[in-house]
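Q: Could you take a close look at one part of this model for me? I'd like to hear about a lysine and its surroundings.

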Amino acid sequence: MDNSFKKLSSANASVIMEGLDEIGKDISNGISGNNLPIMFDAVTSLFYIDAFDRPDLNTVIHKAMETVAKMGAPAIPLVLEKVIDSDIKAELNFGRACGLMDENAIPPLMDILSSNDSSDKIAFALYALGKIQSPKIVVVLPLILEKVNSPQKECEDTAVRALGKICENMDPLDVSAEFRESMFNALVSKLSHGNDVIRSKAIRNLGKLIQYGFTNDMQTKEIMGKVKQVMGLDEDRQVDPAYLVRREAQEVLDAV
């Protein structure tokens, strides 16, 4: 294993990939609890690489994410320890790695949403849950809806995003009409938000509700009316002042 770790410190992409392949095989063969933190620490050191400066290492970073994903749910506590002191590049990579895990990663991330942890950790858990591609993500819907109205801006922003992302992986038939109505109302309520980014995410995700079959005819009609309001296509002709919001509205118009 030491030899594999040494390869991770190479400046050569092919050598690093060799090391990651070897570590991946070790994980597949089963790793003890004592070895997991050491292996995790070594692999996630690659998350701090700046792909803008080293575009040749893009595949290495992605391979590192896949390697962490192989570690599965037992790696989630280690992720949460690391992510608070990481930089933005690494934080995104930690979240993407969690997203590559299977549904076993859902319960430990859900626990964070139910805890009294810091808003940073809660926002991270929301981001990671939005990345998980499993229909079992439906179990987290009530907690995400709760966080949509969080007083912490970072949690609110990430929850609005996550609400739309999980639509991509849930079956609308697994969601009650009551919850679908709650999703609709939660996103519509954000269209009057003072923050441009949150309004843009609300518009985008209202479009996803339509796209992935979470709206009834009346809700679809109301969403399209809201979209036209944003674009100044209604009788009032009052456009949303933010181009970002109007851009997302245009995409919804083009898609529906």
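A: Here is a walk around Lys190, followed by a helix pair elsewhere. Bear in mind that this is a predicted model, where local features need pLDDT of at least 70, side-chain atom pairs count only at pLDDT 80 or more, and totals for chains, interfaces and linings use all residues. Residues are numbered from 1 along each chain as its sequence is written, and side-chain values use heavy atoms, with hydrogens and water left out.

Lys190 sits in the loop between α11 (177-189) and α12 (196-211); helices here are DSSP runs (H or I, at least four residues), numbered from the N terminus. Lys190 counts as buried because its relative accessibility is 6% (buried is under 20% relative accessible area, exposed over 50%, partly exposed in between, with a 1.4 Å probe and protein chains only). Its side chain makes a polar contact of 2.7 Å with that of Glu156, meaning a pair of N or O atoms within 3.5 Å, one able to donate a hydrogen and the other to accept it; residues adjacent in sequence count only if both atoms are side-chain atoms. Setting aside neighbours within four places in sequence, Lys190 touches Val148, Asn149, Glu156, Val160, Ile198, Arg199 and Ala202 (contact means heavy atoms within 4.5 Å).

Another lysine, Lys153, lies in helix α10 (residues 153-167). Lys153 is partly exposed, at 46% relative accessible area.

As for the helix pair, α4 (residues 58-71) and α6 (residues 88-99) pack at about 50°, their axes 8 Å apart (axes are lines fitted to C-alpha atoms over the stretch in contact, and angles run from 0 to 180 degrees between N-to-C directions). Ile61, Met65, Val68 and Ala69 of α4 meet Asn93, Arg96 and Ala97 of α6.

Technical notes
Helix = DSSP H or I, 4+ residues; strand = E, 2+ residues; numbered from the N terminus.
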